[in-house]
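Subject: Structure handover

Dear colleague,

Here is the structure I said I would pass on. Please open it alongside this message.

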Amino acid sequence: MVKFTSRIHNFNAGPAMLPTEVMEKAQREFLNYQGTGMSVMEMSHRAKPFQDILDRSIHHLRSLLSIPERYGVVYYPGGATFQFSAIPLNYLKEGESADFALTGVWAVKAKEEAKKFYPNVKTIFDGKDSKYTEIPELTDDLVSDDAKYVYITSNNTIYGTRYKTLPKLKKAPLIADMTSELLSRKLNIEDFSVIFAGAQKNIGPSGLTLVIYDKEKLPKQNHPIPNLMNFELMEKNGSLYNTPPTYSIYMAGLVFEWLVEKGGVEVMEKENEAKAKLLYDTIDSSSLYNAPVPVNNRSVMNAVFRLKDDSLDAKFLEGAEAAGLAGLKGYRDVGGFRASIYNAMPKSGIETLVSYMKEFERSKG
Ligand SMILES: Cc1ncc(COP(=O)(O)O)c(C=O)c1O
């Protein structure tokens, strides 16, 4: 393994790179947070300095995404996968059903988990035959009459796809796993009943999950819901029902402040689109690389590409790693390469990647 003495270009899909400014601020505050004489990691979650950190982070998030008052914003432990169980338990009663759009492994896992408790859940789109390169156009006529909600994964981290236009439904509430794109693009919160996101891409350390939900659309349930999965209980306790992942919440708060300073989600969206364009244009104009995803479905956060001659894969990766370009290996079931280019990835990182790709093509292609 090559040893680096400074930070490198980190294209990992998640846990992913965080903004260097955020890491530096955390480092400065690590041993003694704002004169408290202790690290945030060592602080009581019931103490005022931590309550301020929590409140400030939610305040910034609400302003970044223009989250209406009637939506609860809650930090959960357990990663995004935790919500695969929590959502059906909060939103379905015995015998009820929901619709799932299967655009990849994460949606399949969410459906399988819901099915354990609610065997009637349905698939309204299955992208398996297209190797998950297709994204449905979700309209009300696809929604089942008895669906209590429609579930989507808005950006498919593994396959590098996304809903270019996010669905707007009237027939049933929409619930979205936005783990790999929340805060990277503008969106209208009111089009969704629940949005959740594991933190490890655009928010902070893994293991923390954000849930944003419309309190008025949360059904009353008579069946027992485990306390840590109970939306109402968690919200009423302000994310402090038990000891939350305090340091991760602090890091998320620093990321939100960084985003506010950068100019917010609108500015990020433009930057992200320019970054993705640079990379996809390089792939599309080359005779060595290709992108398996149709142009309209391409993710702005995770760009999947291949070498037309896959016997060069190992060489490409070896050279990339030596050049300080980490985390480019594709997901194990997809193969090829994937560059995850979240908010924290500066344009200069993509420029370095693109010049490596061009040089590799010139010398080996
Ligand atoms: C879109 C999406 N949903 C869910 C997950 C699962 O997240 P976690 O490992 O935090 O449970 C991931 C993981 O990368 C993901 O990309």
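Below are notes on the ligand site, followed by notes on the salt bridges. Please keep in mind that this is a predicted model.

Ligand site

The ligand is surrounded by Gly79, Ala80, Thr81, Phe84, Trp106, Thr153, Asn155, Thr157, Asp177, Thr179, Gln200 and Lys201. Helix α3 (residues 79–91) supplies four residues of this shell, the largest share. Sorted by class, the shell has seven polar, three nonpolar and two charged residues.

Three polar side-chain contacts to the ligand may be of use to you. Thr81 places a polar side-chain atom 2.5 Å from an oxygen atom of the ligand. For Thr157, a polar side-chain atom also lies 2.5 Å from a ligand oxygen. Gln200 has a polar side-chain atom at 2.9 Å from an oxygen atom of the ligand. On its own the ligand exposes 400 Å², and the protein buries 86% of that area.

Salt bridges

The structure holds 20 salt bridges. Three of them are described here, with the accessibility of each partner.

Lys116 and Glu113 form a salt bridge through their side chains, with an N to O distance of 2.8 Å. Both residues belong to helix α4 (residues 105–117), where they are three residues apart, about one turn of the helix. Is each partner buried or exposed? Lys116 has 61% relative accessibility, over the 50% cut-off, so it counts as exposed. Glu113 has 18%, under the 20% cut-off, and therefore counts as buried.

Glu271 and Lys262 are joined by a salt bridge between their side chains at 3.4 Å, N to O. Glu271 is partly exposed, at 31% relative accessibility. Lys262 is partly exposed too, with a relative accessible area of 31%.

Asp214 and Lys217 make a side-chain salt bridge with an N to O distance of 3.7 Å. Asp214 is buried, because its relative accessible area is 1%, under the 20% cut-off. Lys217 has a relative accessible area of 41%, which lies between the two cut-offs, so this residue is partly exposed.

Which residues are joined into one network by salt bridges that share partners? They are Arg70, Glu190, Asp214, Glu216 and Lys217.

Regards

Terms used:
Residues numbered from 1 in each chain as written. Predicted model: local features only at pLDDT ≥ 70, side-chain atom pairs only at ≥ 80, totals over all residues. Heavy atoms only, no water. Salt bridge = Lys/Arg side-chain N within 4 Å of Asp/Glu carboxyl O. Helix = DSSP H or I, 4+ residues; strand = E, 2+ residues; numbered from the N terminus. Buried < 20%, exposed > 50% of the residue type's maximum accessible area, 1.4 Å probe, protein only. Near = heavy atom within 4 Å. Polar contact = N/O pair within 3.5 Å; in protein donor to acceptor, adjacent residues only side chain to side chain. Areas by Shrake-Rupley, 256 points an atom, 1.4 Å probe, with all protein chains shown as cover. Nonpolar A, V, L, I, M, F, W, Y, C, P; charged D, E, K, R; others polar.
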